[in-house]
Amino acid sequence: MTLSRRRFMLGTAAGLIAVTHLKSRAFAAALKSSGLKDLYRDDFLIGTVLSARSFPDKETTLLDLISREFNAVTAENAMKWEEIRPQLDSWQWDIADQMVDFATRHKMHMVGHTLVWHSQVPAQVFLDSSGQPLERDALLKIMKGHIETLVGRYKGRIATWDVVNEAIEDDGKWRQTSWFKGVGEDYIDHAFRFAHDVDPQAHLIYNDYNTFVPTKRDAIAAMAKKLKARGVPIHGLGMQGHIGIGRPDLTELEQTIEAFADAGMRVHITELDVDVLPSVWEMSAEIANRFEYKPEMDPYIDGFPQEMEEKLADRYEALFKIFLKHRDKIDRVTFWGTSDGASWLNGFPIPGRTNYPLLFNRQMDPKPAYNRLAALKLGK
Ligand code: XIL
């Protein structure tokens, strides 16, 4: 199932076509009442995250910006196990409900993130009352109950679910998570089947980072093909898209888009941001890793130089040229945040830095990178 049938939900912006020939100041004015989502409406959805701090309607400037620029939203943390179900018998629906209401009100494509993951899940989920690891059947029962309750609550209102997150290592091997160790590799099959049984209309995807690494790319594509061959209801693959300003080479990323589409999967760019700060390691988004703060790793604390703004804009433009080239394969491009000030990359993998990975600055004004993505569609 592709997402096209859901596109009816999106606002129309027919008038925007008329501005394609206007000069930049004029199109900036035109964009005030519409946004990137309208420019890319024939290509793919344009998404961002919703964060708990914005609710209940606290960050109205941000929420207005989000509803103008984006037509897809993902809960950044609010639907992760430790947030929505901190104890097995206690569900915290408040924030997630408000996010789903916001998305529904604005006719946005809501993405649920994430049902089965090794991070941000309480350790006791995997243990019995005496602290021993749960056996396969007990663990599957917990997984089933979790998915039934969560997917069931938002049935028909969450269009896409990140069903399983980060099951494969960069070398292509299975990540040795408690799910994997307790259930075996078919935990993935079960997760997708449970979700599909509850909401057969939902678009179900597998999501991971570093999908441009060839060994990881191949393993994910092979896994998806096998799942499909077994009749597992998996519809797409998410490329998280946490990348650096210089790495990876974008041809590697393009090869992943092609490989995932060849595996019969719709492609989602699920968590796009471009880290502009010095890197302490090979690219990764394993959230358990943290490094010590050092001033030399935080060079733009007093501002982001113009030449770096242009470099970031170049990077985003090159990326979006690839996305547009493969628009037939891509359903959605979601940024992992709206304004730089709220990006998780200010705290990861080194706490307390000043990063500039997104399209809007700390005052929520569009950056050169934003203008470049708009210009790509306006034919400038
Ligand atoms: C991040 C959030 O942005 C942070 O606020 C949180 O502290 C840690 O998780 N891969 C994912 C996302 O799938 O859920 C992670 O989000 C980033 C890496």
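**Close-up views of the ligand site and helix α6**

**View 1. H113 and the ligand meet through polar atoms.** In this predicted model, an N or O atom in the side chain of H113 sits 2.6 Å from an oxygen atom of the ligand. The protein covers 85% of the accessible area that the ligand has on its own, which is 410 Å².

**View 2. N77 and E271 also place side-chain atoms by ligand oxygen.** For N77, the distance from a side-chain N or O atom to an oxygen atom of the ligand is 2.9 Å. For E271, a polar side-chain atom lies 2.8 Å from an oxygen atom of the ligand.

**View 3. A shell of 15 residues surrounds the ligand.** Which residues are the closest? They are E76, N77, K80, H113 and E271. Sorted by character, the shell holds five nonpolar, six polar and four charged residues.

**View 4. Helix α6 runs from residue 136 to residue 153.** Try a little arithmetic here: at 1.5 Å a residue, the 18 residues of α6 should span 26 Å, and because the end C-alpha atoms are 26 Å apart, the two values agree.

**View 5. Buried residues line one face of α6.** Look for L139, L140, I142, M143, H146, I147, L150 and V151, which are buried. Seen down the axis of α6, these buried residues fall within an arc of 160 degrees, so they line one face of the helix. Are D137 and K141, on the other side of α6, buried or exposed? Both D137 and K141 are exposed.

Technical notes: Residues numbered from 1 in each chain as written. Predicted model: local features only at pLDDT ≥ 70, side-chain atom pairs only at ≥ 80, totals over all residues. Heavy atoms only, no water. Near = heavy atom within 4 Å. Polar contact = N/O pair within 3.5 Å; in protein donor to acceptor, adjacent residues only side chain to side chain. Areas by Shrake-Rupley, 256 points an atom, 1.4 Å probe, with all protein chains shown as cover. Nonpolar A, V, L, I, M, F, W, Y, C, P; charged D, E, K, R; others polar. Helix = DSSP H or I, 4+ residues; strand = E, 2+ residues; numbered from the N terminus. Expected span 1.5 Å × (residues − 1). Buried < 20%, exposed > 50% of the residue type's maximum accessible area, 1.4 Å probe, protein only. Arc of directions from axis to C-beta.
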